[in-house]
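Student: I should like a close look at a single part of this structure, taken strand by strand. Please describe the part and its surroundings in one connected account.

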Amino acid sequence: MSRTLIFTLLSIGLIVLFLVGMSMGAVSIDLMRILSGAASVTDQIIFFELRLPRLAMNIIIGAGVALSGAAIQGLFRNALADPALIGVSSGAAVFAAAFLVFGVQEPALRLAGVSGSAFLGSIVATTLVLLVAKKSHSTSTILLAGIAVNAIALSAVGLLSYLSTDAQLRSVSFWALGSFNGVTWTMVGVAGLSIPAMILIYFESSRLNIITLGDREATGLGVSVRQLRLRVIVGCAFIVAIGVSQVGVISFIGLVVPHLVRLTIGSNHKVLLPASAIGGGAIMIVADSLCRTLFVPNELPVGILTALVGGPFFIYLIIIQKNRFRI
Amino acid sequence: MSIKLHQASLQIDHREILSDVSVCFGAGEIRTIIGPNGAGKSSLLGLLSGERQPSAGTCLLDSKSLRSYGLEGLSRRLAILHQQSSLDFPFKVDEVIEMGRYPCNSSDSVNKNIVSEVKAKLDLDDLAGRTYITLSGGEKQRVQIARVVAQLWDQLEHAIFLFDEPTAPLDLAHQRQFLKLCEEMKLAGACIVMVVHDINLASRYSDQITLLMDGRVLADGKAEVVITESLIQEAYQVDIAIEMLAGRRMLVY
């Protein structure tokens, strides 16, 4: 398939899903009536203040997580890598949990406080990983540092859960599951701050291609591996941190989507990164629309669905990939 | 044009890998480095490529230190093939070769032309549409060689190529094809330095041979000076004989 065809198909898919997602929900809405202004005020509010920002958020978060996943996988030359490896998600979880347990309990400040702490936590954890691995030239040291920081963070969340009251515990675990419930335009605006970082990561495409050859090969081709690594990790940490701060942890999109794209159109990051971003946005819409509509009037946290479907699907991908590439 | 090591030593973890090595490689030469396992052959290439800094002595490219070229500047003068590449993603063969063009800032069409010229030289046209990770070891090696050659293909007169065991996974026909390509690049002015294990191949194709042992240069010069029974037996601790066959020195063991 040619690149143009791939992007056309992906974009059409995204637009169709966007339109379907807009009309789907606890209340079904006729798009034509909204556009012609004939819809009731309630429908208009549901449409413009609930559904539209939520779909916009789906696309930004899905695109950001999938693009970061693709970039981190290339950087570490490992199709099983994930932004979570560099501590972004677990760092966010610790700080968010700490705020929920010890922070201001004022409801008005709570949302902003949790978001702010989660963002801070992501950045602190990633910085820690980079500092531990600072002296080393090797990728595996970063991965090991990531594993260690993740383990520490996980036990810290455990400790905080132990210290928390039942109500706090519930909000900590609910937050960790990830959900698009109650997304506002303000939150979309905050999440939109990750878009410039996505563009910067895209500009690293050809260097990400080269680093898959190996660190020494990349150096031989004039690429400063340490600087590239720093730029990509900081960029991805920023994208994921912003996302996590707004909607919580959403797993498996960053792992599965780039994998799927790589299987169909190859590894060239010039195509892989944008295609993963579009694909991630599309899959996020599907997942979140299902979460909104499956158990009306209740809502399933989307992080549960992505992990529940993403996990087995990933296993499937591992199996078919084995048959395809290793003869 | 020349690249040279002057009394260079290399220590890694307090172990002396190379000691007091002085060699000079010039334009229009094919030079081979031979020696037993662990003699320091790859480390020598590491010093020449700037990947490692000598702990004593200097490494100079055209009388200037490698450092002064900067990473990017150096990659426009010097291309290196390492022993194994860790590439494990489904790239197309053409995409892998074109990665070699990254430092050159040349246009897409120029790069495409260079890629197809180099592919033709290395018999890679049939593999063009294939995915790299589905190739055999020898095919992968030819693609990697093509990537390294493509890097400096349009400036062979200033080019230095460092190949670490380029022929090891290649069959006889492709070994010859590669060496013919080296001779062609040599005529265009390139300096080609390669580490090989096949001593007969070294003596047939190289202008001079450097024999390393325990991190030192045991002998350096033309085949008839280096490929002698006493030197080879000293370096490898193996009984061998040198026979003349069709006017060439052949190692028999």
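Tutor: Strand E6 of chain B is covered on both faces: B:Leu78 and B:Ile80 are buried on one side, and B:Ala79 and B:Leu81 are buried on the other. Buried here stands for a relative accessible area under 20%, and the model from which these values are computed is a predicted one.

The sheet to which this strand belongs is open and has six strands, in the order E6-E7-E8-E3-E9-E10 of chain B, with mixed pairing. Its edge strands are E6(B), residues 78–81, and E10(B), residues 216–221, each of which pairs on one side only. From one strand to the next, the twist averages 15°.

At one edge, E6(B) runs parallel to strand E7 of chain B, residues 160–164, and four bridges join the two. Within this pairing, B:Ile80, one of the buried residues of E6(B), has B:Leu162 in E7(B) as its bridge partner.

Two helices of chain B can be placed against this sheet. Helix H1, residues 41–49 of chain B, packs on the sheet and touches E3 (29–34), E6, E7, E8 (191–195) and E9 (208–213) of chain B. The edge strand E6(B) is thus among the contacts of H1(B), and the direction of this helix makes about 155° with that of E7(B). Helix H6, residues 172–187 of chain B, also packs on the sheet, where its contacts are E3, E7 and E8 of chain B. The direction of H6(B) makes about 150° with that of E8(B). Strands E3, E7 and E8 of chain B are therefore touched by H1(B) and by H6(B), where contact means heavy atoms within 4.5 Å.

At the other edge, the pairing of E10(B) with E9(B) is antiparallel and extends over five bridges. One of the residues involved is B:Ile209, whose bridge partner in E10(B) is B:Gly221. E9(B) and E10(B) form a hairpin with two residues between them. In the turn of this hairpin, B:Asp214 has a positive phi of about 45°.

Note on methods:
Residues numbered from 1 in each chain as written. Chains lettered and ligands numbered in written order. Predicted model: local features only at pLDDT ≥ 70, side-chain atom pairs only at ≥ 80, totals over all residues. Heavy atoms only, no water. Pairing = 2+ DSSP bridges. Axes fitted to C-alpha atoms, helices over the stretch in contact; angles between N-to-C directions. Buried < 20%, exposed > 50% of the residue type's maximum accessible area, 1.4 Å probe, protein only.
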